[in-house]
Amino acid sequence: MVNKNLSTKYFILQALRKSSTPVSGESIAQECGLSRTAVWKAVQALVSSGYGIESVANGYVLQKDLTDSICPWEFGAKENLFCYYGTTDSTMVQARKVVQEIQSGEKLKIVIADKQTKGVGQKGRSWKTTKGSLAFTLVTKSDLPILYSRRTVMACQIALVNVLRKNSGRNFFVRWPNDVWSEEGKVCGVLDELYSSGGICSWQNLGVGINVSSRPSIQKTDSVFKKAEPGIRRKIIGDFITEFELVKKEIASDTENIALHWNSLCMDRKKEFYAKDCGIKMKFMGIDSYGSAIVEKDSVCRTIPFGTFSFEKN
């Protein structure tokens, strides 16, 4: 019998993808421990979602696959973590609803969409979601003091850099306060929202937009890949969930580890930048363990909290 953590849709797709000949509904039903009617309904649901599954005399065949699908069942045992939308205004907006409806004991949800019509960036700016991009919001249980909340964004940036480097073979870097860049331009942004009480974050939503294989017509932007690769969006999001959970372990204790990790991946340390909001040039020295920028001006260092100003990025 199929693993109870794997859905019927997942099992059907895996069986059809592996077989060069028709797979009978009866054999699938036996493996899943379901009726043939239940299997038929799952097949019809997959067809409605765009998979080219055809019924022939001795079973089902996959005539046309959706190689870039990010539907929940594509993630195997992680399927229950996903809330999928073909089109939505913003995954951040939908994530707010998820927080209100989340079940006791759940600590992680991923709200993901193929298309956003009103993607949101920092300070209310719009985020352009190009075709083949990844747009998702991580809904994560926090239980951290508000003072530590920037560490979750830092962990997200670190996990993204590690995953994008691993999957592409290219270099990527973190940039303060919430970006991931290649040497050519911005490929990813992170936007966070907090739900807190009594100085403690109960939930933290992290909106992530990644230019996977195309980029918006904006200067200083880049994409992870120059052309689409089959299944790469699924691979990136799956690897990211695993990597984020690993890096997140660094943020709970009051140590410098997360800042050291972040600073080691930063492309801007000891470079001079122009602070747009105050019209001053200063040297960026990295960040501290609370996510504040450490800047140097006239040989004097001071810390600048997130949201105080933004740098003119080179």
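Here are some numbered notes on the fold, the cores, the salt bridges and the cysteines of this predicted model.

1. **The main sheet.** A good place to begin is the open sheet, which is built from seven strands in the order E3-E4-E5-E9-E8-E7-E6, with mixed pairing. Its edges are strand E3 (82-88) and strand E6 (173-175), each of which pairs on one side only. Leaving direction aside, neighbouring strands of this sheet are turned by 20 degrees against each other on average.

2. **A helix across the sheet.** Have a look next at helix H6, residues 232-247, which lies across E3, strand E4 (108-116), strand E5 (134-141) and strand E9 (200-210). Relative to E5, helix H6 runs at about 25 degrees.

3. **The largest core.** Which residues of the largest nonpolar core touch the most other members? They are Ile110, Ile210 and Phe240, in a core of 57 residues. Helix H5 (residues 149-168) supplies the largest share of this core, with ten residues. For a closer view, pick Ile210: leaving out residues up to four places away in sequence, Ile210 touches Ser133, Leu134, Phe136, Leu160, Val187, Cys188, Val224 and Ile236.

4. **A second core, and helix H1.** There is also a separate core of 18 residues, with Val39, Ala42, Ile53 and Trp73 among them. Turning to helix H1, the residues Thr8, Tyr10, Phe11, Ile12, Leu13, Ala15 and Leu16 are buried there. What do the buried residues of H1 pack against? Their partners are helix H2 (25-32), helix H3 (36-48), strand E1 (52-56) and E2.

5. **Arg17 and Asp65.** The model has 17 salt bridges. In one of them the side chains of Asp65 and Arg17 meet, at 2.8 Å from N to O. Asp65 sits in the loop between strand E2 (59-64) and E3, while Arg17 belongs to helix H1 (residues 8-18), so this pair ties together parts that are 48 residues apart in sequence. Both ends are partly exposed: the relative accessible area is 26% for Asp65 and 28% for Arg17. If you are viewing this spot, add Glu74 and Arg234 to the display, as these two are linked with Arg17 and Asp65 in a network of salt bridges.

6. **A buried pair.** Asp192 and Arg150 also form a salt bridge, with their closest N and O atoms 3.4 Å apart. This pair connects distant parts of the chain, since Asp192 is in strand E8 and Arg150 in helix H5, 42 residues apart. Are Asp192 and Arg150 buried or exposed? Both residues are buried.

7. **Strands E7 and E8.** Strand E7 (residues 179-181) and strand E8 (residues 186-197) are paired antiparallel over three bridges. Trp181 stands opposite Lys186 of E8. Lys186 also has a salt bridge partner in Asp179, at 3.3 Å from N to O. Here the two ends of the salt bridge differ in burial: Asp179 counts as buried at 7% relative accessibility, whereas Lys186 counts as partly exposed at 22%.

8. **Strands E10 to E12.** Further along the chain, strand E10 (residues 271-275) and strand E11 (residues 280-287) run antiparallel and are joined by five bridges. Within this pairing, Ala275 stands opposite Ile280 in E11. E11 also pairs with strand E12 (residues 293-297), again antiparallel, over four bridges. Phe284 has Val295 in E12 as its bridge partner. E11 and E12 make a hairpin with five residues between them, and Gly291 in the turn has a positive phi of about 85 degrees.

9. **The cysteines.** How many disulfides does the structure hold? The count is zero. Why is Cys156 not bonded to Cys188? The sulfur of Cys188 is the closest cysteine sulfur to that of Cys156, but at 6.8 Å it is too far for a bond. Cys156 is buried, with a relative accessible area of 0%. For Cys201, the closest cysteine sulfur is in Cys156, and the distance of 15 Å is likewise too far for a bond. Cys201 counts as buried as well, at 0% relative accessibility.

Methods:
Residues are numbered from 1 along each chain as its sequence is written. This is a predicted model: local features need pLDDT of at least 70, side-chain atom pairs count only at pLDDT 80 or more; totals for chains, interfaces and linings use all residues. Side-chain values use heavy atoms; hydrogens and water are left out. A nonpolar core is a set of buried Ala, Val, Leu, Ile, Met, Phe, Trp, Tyr and Cys residues joined through side-chain atoms within 4.5 Å. Buried means under 20% relative accessible area, exposed over 50%, partly exposed in between (1.4 Å probe, protein chains only). Helices (H or I, at least four residues) and strands (E, at least two) are DSSP runs, numbered from the N terminus. Contact means heavy atoms within 4.5 Å. Two strands pair if DSSP finds at least two bridges between them. Axes are lines fitted to C-alpha atoms, for helices over the stretch in contact, and angles run from 0 to 180 degrees between N-to-C directions. A salt bridge is a side-chain nitrogen of Lys or Arg within 4 Å of a carboxyl oxygen of Asp or Glu. A disulfide is a pair of cysteine sulfur atoms within 2.5 Å.
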